[in-house]
Amino acid sequence: MIHSKQRFWATLLVLVCLLAGPGAAWANQVLIPMDNTQKEHLKAYGIAYWLLGKQIEVDWLLNYRGGSFACEVAPGVENELAVRGVTYQVISGAQYNGILSEIADPNANMDIMKLEKVPKIAVYTPKGKQPWDDAVTLVLGYAEIPYDQIYDDDVLDGKLPKYDWLHLHHEDFTGEYGKFFAQYRNRPWYQQQQRESEATAKRHGFAKVSQMKGAVVVKMQEFIAGGGFQFAMCSATDTYDIALAGLGVDMVENMYDGDAADPAAQSKLNFNRTLAFQNFQLVRDPYQYEYSNIDMQPQERGVYEDNDYFQLFTFSAKYDPVPTMLTQDHEKTIKGFMGQTTAFRKQLVKPDVVVMGDNKASGEIRYMHGTLGKGTWTFYGGHDPEDYQHLVEEEPTDLALHPNSPGYRLILNNVLFPAAKKKKQKT
């Protein structure tokens, strides 16, 4: 005798098949598992992007086997999967309908997100960026996801609305060139960066680079409010909010802009303008490799490479699809990694921010998300998920050695996020 609940789901499945039509209901599907059976987690995201580019709709199966992908069998798909080394299996339409039934169960914390649109991606990064600089460009290259490289000229010229997703390279939006003066001021790359930034500021009518960077972050705020998706890591997180809070305030000392900083700069900060942080204190020493007390310091964190981890939060897939998408992973405990900005001090994070990953014992947030107008932003602490203390002038990480990196997967969740069909959140 069939249990009443089983009878309900069996009836529902028959109705789904009838409504979809016999061809659609029983078409063979390609299932790309994203649990620990997957050999190339990072390249699987590139496959999803490639499928969308071929006008093939992708199902993102949230919380099903690590956030798996599925699509109908189509010419060339299996060959592309094989060439890229991505684990997959072809299953019957009946098997796939069984998976959909399992996901649809109200007691299952799973859901289906339709990916329909190819996101147009921009990475805000200088043309002369150094190869050690950026985890996002590394993983986009490894996953074979195309992107445009833009910088201050493009932002100030109003080109951001062309894009769906914007990544902020490990930038210093305060105009202090990463506060590298003490250690790297004689390096050719540092001097070149300063010359180029000053020339760009002058070209756009700004007396100082810090003023230009302030105008850039305002343009980026407009991009988000208009419906854009913005992602930032490392120093592009806290310096972004510092620049917003300090618009019109001289926070920069003379070695960076030719005159002294305003001694009352701290009292003039406006935290109503910021995305994520409030009530922070600036680090006024121009020789100290730090911007503010937003970033947790090594001596107070109480963790080292062998015990530095943070936990991903679990959200309701059916009721909170956005943070669920952004936390899809085959691991819930993520290896920590350092950066100029490593971890966000919990008490300085605004109460409306959605925390997605933290280390409760240390009182630090590592991964978080929020909304502004019609768009969203995500901040991710640290520099390189597979290099614990990635130093300036080191060789870039070889992602072929880390094809299943849980930390890098979080970046790629954000890349695919704009492809999702809009759903009304139920909370």
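Two strands count as paired if DSSP finds at least two bridges between them; strands themselves are DSSP runs (E, at least two residues), numbered from the N terminus. The model is predicted, so local features need pLDDT of at least 70 and side-chain atom pairs pLDDT 80 or more, while totals for chains, interfaces and linings use all residues. Residues are numbered from 1 along each chain as its sequence is written, and side-chain values use heavy atoms, without hydrogens and water.

Select strand 3, residues 68-72, to begin. Because 4 of its 5 residues are buried, strand 3 is largely enclosed by the rest of the structure; buried means under 20% relative accessible area (1.4 Å probe, protein chains only).

Next, add strand 2, residues 58-62. It pairs with strand 3 in the antiparallel sense over 3 bridges, and Leu 61 has Ser 68 as its bridge partner there. The hairpin of these two strands has 5 residues between them, and Asn 63 takes a positive phi near 70°.

Now add strand 1, residues 29-32. It runs antiparallel to strand 3, joined by 4 bridges. Val 30 stands opposite Cys 71.

Leave the strands and turn to the cavities. A cavity is a set of points, on a 1 Å grid over the protein atoms alone, where a 1.4 Å probe fits but cannot get out. The structure holds 3 of 30 Å³ or more, and the largest has a volume of about 90 Å³, a volume being the space filled by probe spheres set on the points.

To see the largest cavity, select its lining residues (an atom within 4 Å of a point): among them are Thr 174, Glu 176, Met 251 and Tyr 291.

Note on methods: Buried < 20%, exposed > 50% of the residue type's maximum accessible area, 1.4 Å probe, protein only. 1 Å grid on protein atoms, 1.4 Å probe; cavity = no way out; pocket = protein on both sides within 12 Å on 5 of 7 lines; lining within 4 Å.
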